[in-house]
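Welcome, and take a moment to look over the model below. We will go through it step by step, beginning at the surface and then turning to charged side chains.

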Amino acid sequence: MANHPLTTSRPLPLLEQALAPFRRFSHVQASGGIVLIACTMIALVWANSPLAPGYFALWETPVTVGFGDHVLSKTLLHWINDGLMAVFFFMVGLEIKREILVGELNSPAQAILPVAAAVGGMVVPALFYALFNQGLPTMAGWGVPMATDIAFALGILSLLGNRVPVSLKVFLAAVAIVDDIGAVLVIAIFYSGDISLISLAVGGAMFLAMLGLNMAGARHPAVYGICGAILWLAFLKSGVHATVAGVLAAMTIPARTRISAGAFLHKARRLLDCFAASMEPGQALLANKTMQGTLENLESACLRASAPLPRLEHALHPFVAYGIMPLFALANAGVPLFGQAGQSLAEPVSLGIFLGLFIGKQLGIFLTCLGLFRLGLAAMPEGMRLSHYYGASVLAGIGFTMSIFIAGLAFGDGAAAGEQAKVSILVASTLAGVYGFAVLRRGEAVDDPSCREHDDDETVCPGSAPGCPGSGGRH
């Protein structure tokens with residue numbers, strides 16, 4: 001069969017085919033990081049301008065949802081931090097589940113390096129913070145320097161092009177995901193308020209109901225959306241932070257397909273043969289009922305051959321990357337840089353967070369990796385060097401989003417310690433990003449096929465069998 005001019009290309013190497021989903025994920029995170037930076041700068045300029053009173057008043061605007069006696073009233077800032085951030089944590093939960101099922105955390109051999117590195121990158125920064133705040137009321141902020149902002153980190157890696165192997169991006173993403181697991185546990189255990197057992201029981205019952213729906217074969221997103229909303233509301237009233245509900249809801253999303261790959265291939269080929277046989281010269285597709293019906297059956301087969309988990313993850317990525325995270329930064333990153341908060345970088349809170357993120361992350365992650373390599377407990381992938389791991393450990397010090405979120409839980413909105421924490425987070429994250437970029441920039445270009453860029457309008461062919469159109473075809 002002759003190739004169409006638009007679809008003729010070299011078959012993609014197996015490695016590139018395997019890494020294609022991760023590349024699409026990292027591209028969204030990288031571009032989302034740019035929007036995140038822009039919103040952070042807007043927040044800082046706004047909060048330090050003559051319009052600052054309007055900035056702070058905006059986020060204190062009360063927003064009420066409900067009717068009659070059944071209403072939920074919170075400030076706009078709380079709706080963002082407790083509501084929209086639950087969607088962000090739902091996205092995190094989907095990523096965690098995917099990594100455990102089929103990703104870097106799928107087996108002990110694969111998981112040992114990123115898991116151990118992430119643990120080291122959480123424990124050492126917390127110890128740095130405790131060193132300066134032990135015995136002080138500000139000790140509650142020990143969880144702030146533990147976090148890593150994957151959007152910023154992958155965004156900086158993307159700027160380096162082929163100077164860093166894709167294996168490094170996979171490693172850093174896996175470390176950040178394990179880091180997120182740790183952050184969720186810390187939030188649930190240490191940063192929750194007084195527990196309402198009744199509300200918690202309702203939330204637990206809804207979680208079990210969602211698991212039952214999964215086992216019963218329910219797959220429609222609306223079913224899980226309604227149950228997830230009830231789960232979130234129950235956790236909001238329980239005293240356990242509402243964002244934890246997002247992660248729990250993600251764990252119930254089905255990851256199985258209704259038909260096997262072989263059955264889908266057989267059905268798709270039959271439908272495509274039917275589609276080809278129904279074509280009539282000069283007839284529009286809209287006028288051919290047989291072709292229309294064939295396309296509908298093919299669409300149904302595609303849905304049965306794909307699981308809800310990756311579909312939801314793919315659908316939510318742009319919404320989270322370009323909507324929720326930038327809005328969170330706009331609402332939370334505005335801190336007066338020239339007031340008391342900006343002049344207190346020598347305070348215990350500021351020192352603990354700054355040294356925890358910038359020094360503690362480096363030591364915790366890099367020394368853990370070095371120890372595992374020296375002991376033979378983990379193998380360094382081909383094309384990777386120790387300098388790559390050091391650069392990644394520096395970039396992991398970009399705490400930003402998650403650190404600011406935990407700081408709000410630890411110190412409360414508007415508290416002096418919270419404002420000091422935000423300034424320290426911004427300074428440490430900026431320095432970690434610049435220094436990490438400089439470390440990795442010194443490396444030589446990597447001849448890695450998976451580093452070759454593709455037109456965003458092109459679809460990577462999932463196979464190289466005869467007749468496969470390669471990278472041609474449109475989305």
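Val 123 counts as partly exposed, because its relative accessibility is 43%, a value that falls between the 20% limit for buried and the 50% limit for exposed. You can find Val 123 in helix H4, which covers residues 108-133. Keep in mind as you look that this is a predicted model. Val 123 also has partners at the surface: together with Val 115, Val 119 and Leu 127, Val 123 makes a nonpolar patch of about 310 Å².

Now let us turn to the charged side chains. How many salt bridges does a search of the whole structure find? The search finds three.

A good place to start is Arg 98. This residue forms a salt bridge with Glu 99, and the closest N and O atoms of the two are 2.9 Å apart. Arg 98 also meets the side chain of Glu 313 in a salt bridge, with 2.7 Å from N to O. Where do these two residues lie? Glu 313 belongs to helix H12 (residues 308-332) and Arg 98 to helix H3 (residues 76-102), so their pairing ties together parts that are 215 residues apart in sequence. Seen as a group, Arg 98, Glu 99 and Glu 313 are linked in a network of salt bridges.

Are the members of this network buried or exposed, or something in between? Glu 99 is buried, since its relative accessible area is 9%, and Glu 313 is buried too, with a relative accessibility of 5%. Both values are under the 20% limit that defines buried. Arg 98, at 23%, counts as partly exposed.

The remaining stop on our tour is the pair Asp 179 and Lys 361, whose side chains meet in a salt bridge with 2.8 Å from N to O. This pair links distant parts of the chain: Asp 179 sits in helix H6 (residues 166-190) and Lys 361 in helix H13 (residues 348-375), 182 residues apart. What about their exposure to the surroundings? Asp 179 counts as buried because its relative accessibility is 2%, and Lys 361 is buried as well, with a relative accessible area of 1%.

Methods: Residues numbered from 1 in each chain as written. Predicted model: local features only at pLDDT ≥ 70, side-chain atom pairs only at ≥ 80, totals over all residues. Heavy atoms only, no water. Salt bridge = Lys/Arg side-chain N within 4 Å of Asp/Glu carboxyl O. Buried < 20%, exposed > 50% of the residue type's maximum accessible area, 1.4 Å probe, protein only. Helix = DSSP H or I, 4+ residues; strand = E, 2+ residues; numbered from the N terminus. Patch = residues over 30% accessible without salt bridge, like charges linked within 9 Å, V, L, I, M, F, W, Y side chains within 5 Å. Areas by Shrake-Rupley, 256 points an atom, 1.4 Å probe, with all protein chains shown as cover.
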